[in-house]
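Thanks for asking me to look this one over. My notes are below as numbered points, so that you can follow along in your viewer.

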Protein chains: 2
Amino acid sequence: MVTIYDIAKIAGCSPTTVSKVFNDYSDVSPKTRAKILETAEQLGYLPNAHARSLTMKRSWTIGVLFNEPSGAGILHPYFAGVIEGFKKVSTSKGYDLMFVTKDIGGKKSGYVEHCKIRGVDGVVVILPDYGDPYFQELLDSDIPCVLLDQESEQKSTICSDNIAGAMQAVEYLHRLGHRRIGHIGGGHSFAGEKRLQGYLRAMENLNLPVEPQYVIQGSYDYTMESGQAAMEELLLTDELPTAVFAAGDNLAVGAMMTLKKRGLRVPDDISLIGFDDIEMVKFLTPALTTVRQDTYALGSKAADMLIYTIEGGSGVQTAMLPVEIVIRESCRSL
Amino acid sequence: MVTIYDIAKIAGCSPTTVSKVFNDYSDVSPKTRAKILETAEQLGYLPNAHARSLTMKRSWTIGVLFNEPSGAGILHPYFAGVIEGFKKVSTSKGYDLMFVTKDIGGKKSGYVEHCKIRGVDGVVVILPDYGDPYFQELLDSDIPCVLLDQESEQKSTICSDNIAGAMQAVEYLHRLGHRRIGHIGGGHSFAGEKRLQGYLRAMENLNLPVEPQYVIQGSYDYTMESGQAAMEELLLTDELPTAVFAAGDNLAVGAMMTLKKRGLRVPDDISLIGFDDIEMVKFLTPALTTVRQDTYALGSKAADMLIYTIEGGSGVQTAMLPVEIVIRESCRSL
DNA sequence: CTGAAAGCGCTAACAA
DNA sequence: TTGTTAGCGCTTTCAG
C-alpha cells in the first residue's frame, strides 16, 4: 500500500505537503503540487479512509436504517425509490451509504451503538418499526438523523403531503359524481393515518356522509394480500360504495383482484384510486388512477437535509413534498 | 469519547490488557477481565471501528455492488431477496454492508478505487452492467468477490439452476399436453441465456419443433413493459402457441396483460408460465404458475462463499441452487 | 510556501 | 499474566 510518506519521499517533500495537496490547501506552490500529483499518479496512490476518519473524527459515511424483517423492508417500492434518490445526492457530496442494523458483530446491541462504533456521520431512517425501543434510543441520541414518513420534534423529518393527496383523491371522485366513497386504510402507520385524515376531511368539506362500514383498515404493511382482505370485508356491506380510495397502490391492486374474482368490474361497477404510483400499476387493466408520490425527490431532499445537519446546520427541519394525482382508467364518471 | 486508555487508567491496568479482553485473548486473569468489563460498561465504552481497521488492515465491511441506474437495480425483487439473505448471514458474522459505486467523493473513479479507499474486505456483485470496464477492472483485481448470475474464472459465482428450471417449465407444459410452446426470453443476460438454453434443450429432448417465430427476446431488464411488447409480437404469428414460457415473472405479467387486453384468456386460450416467483404473482388472476428461485438462499450462500474467501479460503468456488416449479392457475391441460 | 511533531484509538510483538 | 513500545496512515497546529 502506498502512503503519503512514499509520495513525500519520491517527490522530495514532506508528508504534510502531500496531505495539503490532497486536501486542496492553497498554500502549496504550483510546482510542488504538480510534482506531488504526478508521483501520486505514478505510484497509484489511494487515500486510506480509515486513517482519515480516525484523525478527522468524520467518516463520510451515512447509515441507512430500514425495517429489518424483509417483509415490508427493502422489498417495498417506496424504499427503493427513496434510497435511490438519497444515494444519488449523498454520493455526489462524498458520502457512502452503509446499512445499519440492530446487530453488530453478531450480537444484538442496538442502532446507536452500531452507529457509534462505525462512526457514521448521520443516518437516514426509512420505514422503521415505530415502537422499537432501539429506534427510540436513536431518536434520543445526538446522532444527526432524517426520518421519512414520521413525526418528531427531535429529528428532521420529511414526507409527502399525504393529507392533501388523500383529499385530492376524494375530490376527484366527487367531481366524477361519486358520493358513496369508501376507504381502505394503511393501518396505524404515519402515512396511513394522514391519508385517513385527508379522506375524512375531504368528505366533510364536500358534505359527504362517512359510513363507518365503508372505512376499512388494511394492515400497516400495505400488502396486496391486505388489500384483498379489506375489499372482501367491504363487499359484505349491503349497499356498495361506488368508489374506493385505497391508501396504497398495493392495497388497491389487492382490492382490484378481489373485485375481479367476485365478478365486479373496475371501473364499471366500482371505481378505484390508489396512492404511490408504483411502477406496475400503469400496466394493470384497467391502469390504476393514483396519487403519485415522488419517492426519488423525497430521497434526495432527505439527503440534503441530513447533510445540512451533519455539516453543522442547526435546528430540526421539516419538509413536505407535494403529490399529484395521475389519472388513468380505474375511475369512471357517474 | 471513551477509549481503552480511559478504561486502563480506571481499571488500573494497561491499554494492552484492555484490548486483549475485547479480543477474547485467553491470557487475562478472570479478575482483571471482570474489572475491565465492568469499568468499560460504566464508562459506556464503544470500540472505534476505524482505529481497529487501521491497525488490522481489515474493515469488517463488505461492499454491495449493483446496477446503478435505478431502473433494473434495487427496485427488482430479485435484488431485494438476495440482499436480504446476504445481509442476514454477513451481519451475523460481524460484517457490515456498504454500497459501492463508481463515484467516490463526487468524482467518477471506479469500483476498485472505491473499494480500496474504503478498505472493504470483499464485494458482492448483483446485477452489474456486464460490459462496464469498471466492472472488468474489479474482476481483474485481487479483491475478494462473489458474483451472482454470472460466469467467471476469476471470481466465485453463484446462480440458480436456470437451465433445469427452464427445462422443468417446458416439460411441465408438455405433460399438460402442450406441443406448440413459445418463449419470451430475458435478452442477453446470463440468466436469460441459460433459460433460453433450457427451453431449447427441453424442446429438443421432447422432440418438439422450435418455431423461430415463437421465440421472442424480451429486453434484458425483465420489465412488464418488455413482456407486453414481446407478447404483442408473438400475437402477430398466424397460429398462436398454446403455451408460453416467460424467462421472468415480470415478463409473464406483461404478457398476461397484453393477452387480456386482446381479449385472450389465460389459461383458456393460452397457458403461461413464468420464472422467479416474485411476491405479486400469486395474487394475480389467474395466479401465475412459475419457477421459483430462492433468492434468500442465493444471498446467504453467496455470503458464505465470500466470507470464506475473505477469511483466507482459496480457490474460485461455484454454486448452483436448485429451483422448483410452483403450480398455480395459469396453465391448463389440453 | 514548507515541514517537524504530535496524536486520532487500536493492535501486536516482545519483554518482563 | 501483564505492560512497554512501536506502529497503522492521515491531519493539524505551529514554527520556520
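1. A word on terms before we start: a residue is near a molecule or strand if one of its heavy atoms lies within 4 Å of it. Please also keep in mind that this is a predicted model. With that cut-off, 27 residues surround DNA strand D. The closest of them are Ile4(A), Ser19(A), Tyr45(A), Thr16(B) and Thr55(B), and sugar and phosphate account for 61% of the atoms of DNA strand D that come within 4 Å of the protein.

2. Three polar contacts to DNA strand D are good places to zoom in. On the backbone of the DNA, a phosphate oxygen of DNA strand D is 2.8 Å from a polar backbone atom of Ile4(A). On the base side, an N or O atom in the side chain of Lys20(B) is 3.2 Å from a base oxygen of DNA strand D. Thr55(B) also faces a base oxygen of this strand, with a backbone N or O atom at 3.5 Å.

3. Which elements give two or more residues to the surface near DNA strand D? They are α1 (4–11), α2 and α4 from chain A, together with α2 and α4 from chain B. The most comes from α4(A), which gives 4 residues. Sorted by class, the residues of this surface are 11 nonpolar, 12 polar and 4 charged.

4. Now to DNA strand C, which is surrounded by 27 residues. Here the closest are Lys20(A), Thr55(A), Ile4(B), Ser19(B) and Tyr45(B). Of the atoms of DNA strand C within 4 Å of the protein, 60% are part of sugar or phosphate, and the rest belong to bases.

5. The polar contacts to DNA strand C involve both phosphate and base. A phosphate oxygen of this strand lies 2.7 Å from a backbone N or O atom of Ile4(B), and a polar side-chain atom of Ser19(B) lies 2.7 Å from a phosphate oxygen. For a base contact, have a look at Tyr5(B): an N or O atom in its side chain is 2.9 Å from a base nitrogen of DNA strand C.

6. The elements that give two or more residues to the surface near DNA strand C are α2 (15–22) and α4 (49–56) of chain A, along with α1 (4–11), α2 (15–22) and α4 (49–56) of chain B. For this strand it is α4(B) that gives the most, with 4 residues. The surface near DNA strand C divides into 11 nonpolar, 12 polar and 4 charged residues.

7. The two α4 helices also deserve a look as a pair. α4(A) and α4(B) pack with their axes 8 Å apart, at an angle of about 140°. That angle makes α4(A) oblique to α4(B), and the crossing is left-handed. The contact is made by His50(A), Ala51(A), Ser53(A) and Leu54(A) on one helix and by His50(B), Ala51(B), Ser53(B) and Leu54(B) on the other. By class, 4 of these residues are nonpolar, 4 are polar and none is charged.

8. Another helix pair worth your time lies within chain A. The axes of α10(A) (residues 224–234) and α11(A) (residues 249–261) come within 6 Å and cross at roughly 50°. This makes α10(A) oblique to α11(A), and the crossing is right-handed. Among the residues in contact are Met224(A), Gln228(A), Met231(A) and Glu232(A) of α10(A), and Leu251(A), Val253(A), Met257(A) and Lys261(A) of α11(A). In class terms, the contact of α10(A) with α11(A) has 7 nonpolar, 6 polar and 2 charged residues.

9. Some backbone geometry to check as you go. A cis peptide bond joins Val266(A) and Pro267(A), with omega about 0°. Pro267(A) sits in the loop between α11 and β11 (271–276) of chain A. In chain B, the peptide bond from Val266(B) to Pro267(B) is cis, and omega is near 5°. Pro267(B) is in the loop between α11 (249–261) and β11 (271–276) of chain B.

10. One last backbone detail: where is Asp24(A) found? Asp24(A) belongs to the loop between α2 and α3 (30–43) of chain A. Although not a glycine, Asp24(A) has a positive phi of about 55°.

Definitions and conventions. Residues numbered from 1 in each chain as written. Chains lettered and ligands numbered in written order. Predicted model: local features only at pLDDT ≥ 70, side-chain atom pairs only at ≥ 80, totals over all residues. Heavy atoms only, no water. Polar contact = N/O pair within 3.5 Å; in protein donor to acceptor, adjacent residues only side chain to side chain. Nonpolar A, V, L, I, M, F, W, Y, C, P; charged D, E, K, R; others polar. Axes fitted to C-alpha atoms, helices over the stretch in contact; angles between N-to-C directions. Parallel < 35°, antiparallel > 145°, perpendicular 65-115°, else oblique. Left-handed = near helix turned anticlockwise from the far one by under 90°. Contact = heavy atoms within 4.5 Å.
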